[in-house]
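Thanks, everyone; I would like to take a few minutes to walk through one model with you, going from contacts to open and closed spaces and then to the surface. Please keep the structure open while I talk.

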Amino acid sequence: MNQLSRQWISLLTKNPLNYIFFTGNAQTYFLKNEILIPNPNYILPANKVANVKIEVNPITTYKKEIEAFAKKTNFNEFYKSEKPFYDKIISDYKQYSNLQKQWNWLEKNFDTKINSYIVYTSALINGLNYTGGYENNNFHLIEMVLPTIQKEKDRSEKNNEAFNTRSMFTEIDHNYVEKPSVKFKSEINTALKDREKWVNTKAYGTEYYPDGYKVFNEYMTYGVFILYAEEIYKGDTKLLQEINNEVNAIMIERGFIKMKEFNEELKNLRNKNKKKKIDLIYPELIKWCSLQ
């Protein structure tokens with residue numbers, strides 16, 4: 001085990017979020033001839049996760065060790081030899097992720113507008129996903145770290161499409177869900193003030209949603225995917241039931257114990273307000289939350 005590996009394991013042991021800080025800042029440098037060259041367009045993009053914040057880019061901190069690792073493993077030659085594998089990952093995303101369809105739907109159904117998306121993915125990250133963004137001169141860029149496209153043999157072709165769409169959609173729509181939430185942040189925190197009604201506080205990960213506002217946004221993120229699926233797969237009752245059941249089960253397992261009830265109320269409000277932007281049904285949904 002080399003020095004970088006030992007330090008990396010130590011960082012993960014200290015806090016698993018260091019993985020996000022490390023990989024989330026990878027774009028701040030280019031690797032050229034086994035030397036890391038600073039990217040002038042990115043300066044510490046991944047500097048805060050949940051309640052944890054860093055001030056120094058870990059790629060800068062471990063620059064010499066990373067360069068030594070790249071040289072010892074002959075990384076550049078390895079990457080060139082495996083390029084067909086990486087090209088396949090890109091082509092799969094273009095074919096199966098339906099990014100443009102999701103983007104168009106969200107722009108149509110929310111007031112928020114996003115100018116550009118970048119997707120980072122790797123076969124090494126399992127189900128890891130998170131998103132960040134930048135704004136400059138009214139130009140809004142979103143970055144997403146997502147798993148590679150997955151194809152499960154026991155799923156139908158449409159179910160596989162929905163499964164892969166959900167991974168991307170529930171990152172994209174954070175950027176649309178959160179804007180109206182900010183407007184009603186005080187009301188949301190009041191409506192969900194009894195946090196234990198909404199999350200199983202013993203479930204791992206729920207600590208990253210410490211208040212009603214963040215809990216509501218996570219419910220809404222997955223709830224809006226259900227609204228998208230109800231429209232895109234309209235008429236396919238079996239598939240829609242599978243999608244609803246899977247989303248509810250996953251969220252409940254994560255600790256969001258009222259996901260089924262939340263989804264049903266969100267669908268009910270949407271059906272009553274089909275011509276309205278989703279932003280406009282927030283007050284009624286928040287009111288429902290306050291009565292639970």
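Let me begin with Lys267, which forms a salt bridge with Glu230, the closest N and O atoms being 3.7 Å apart. Lys267 lies in helix H13 and Glu230 in helix H11, so this pair ties together parts that are 37 residues apart in sequence. I should say at once that what we are looking at is a predicted model, and please hear every distance in that light. Is Lys267 buried or exposed? With a relative accessibility of 14%, Lys267 counts as buried, because the cut-off for that class is under 20%, whereas Glu230, at 26%, is partly exposed.

Lys267 has another partner, since a salt bridge also joins Lys267 to Glu264, here with the closest N and O atoms 3.2 Å apart. This second contact stays within helix H13, where Lys267 and Glu264 are three residues apart and therefore separated by about one helical turn. Glu264 is partly exposed, at 40% relative accessibility.

Now to the pocket, because Lys267 and Glu230 turn up there again, both in the lining of the second largest pocket. Its volume is about 330 Å³, and the lining also includes Trp105, Asn109, Leu227, Glu231, Lys234 and Arg270. Which helices contribute at least two residues each to this lining? They are helix H7, residues 99-109, helix H11, residues 212-232, and helix H13, residues 259-272. By class, the lining of this pocket has six charged residues, together with three nonpolar and three polar ones.

From the open space I turn to the enclosed one. How many cavities of 30 Å³ or more are there? The count comes to one, and the volume of this largest cavity is about 50 Å³. Its lining is made up of Arg155, Asn159, Ala162, Phe163, Arg166, Phe225, Glu242, Ile243, Glu246 and Val247. Helix H8, residues 157-172, and helix H12, residues 237-254, each supply at least two of the lining residues. Sorted by class, the lining of the cavity has five nonpolar residues, four charged and one polar. Please note Arg155, Arg166 and Glu246 among the lining residues, for these three are linked in a network of salt bridges.

Across the whole structure, the search finds eleven salt bridges, and I will pick out one more, in helix H5. There Glu77 forms a salt bridge with Lys80, with 3.8 Å between the closest N and O atoms, and the two residues, three apart in helix H5, are separated by about one helical turn. Glu77 is partly exposed, with a relative accessible area of 42%, while Lys80, at 57%, is exposed.

Helix H5 also matters for the next item on my list, a nonpolar patch on the surface. The patch is formed by Leu31, Phe75, Phe78 and Tyr79, which together have about 330 Å² of accessible area. Where does the largest share of the patch come from? It comes from helix H5, residues 75-81, which contributes three residues. Phe78, which lies in helix H5, counts as partly exposed at 40% relative accessibility.

For those of you who look at backbone torsions, the loop between strand S1, residues 29-32, and strand S2, residues 35-38, holds Asn33, and Glu34 is found in that loop between S1 and S2 as well. Asn33 has a positive phi of about 50 degrees although it is not a glycine, and Glu34, also a residue other than glycine, has a positive phi near 65 degrees. In accessibility, Asn33 is exposed, with a relative accessible area of 63%, while Glu34 is partly exposed, at 22%.

My last stop is Asp194, placed in the loop between helix H10, residues 185-191, and H11. Asp194 counts as partly exposed, with 39% relative accessibility. Along the chain, Asp194 and Asp211 are 17 residues apart, and their C-alpha atoms are separated by 9.4 Å.

I will stop there and take your questions.

Methods:
Residues numbered from 1 in each chain as written. Predicted model: local features only at pLDDT ≥ 70, side-chain atom pairs only at ≥ 80, totals over all residues. Heavy atoms only, no water. 1 Å grid on protein atoms, 1.4 Å probe; cavity = no way out; pocket = protein on both sides within 12 Å on 5 of 7 lines; lining within 4 Å. Points joined across faces, edges and corners; volume = space filled by probe spheres on them. Helix = DSSP H or I, 4+ residues; strand = E, 2+ residues; numbered from the N terminus. Nonpolar A, V, L, I, M, F, W, Y, C, P; charged D, E, K, R; others polar. Patch = residues over 30% accessible without salt bridge, like charges linked within 9 Å, V, L, I, M, F, W, Y side chains within 5 Å. Areas by Shrake-Rupley, 256 points an atom, 1.4 Å probe, with all protein chains shown as cover. Salt bridge = Lys/Arg side-chain N within 4 Å of Asp/Glu carboxyl O. Buried < 20%, exposed > 50% of the residue type's maximum accessible area, 1.4 Å probe, protein only.
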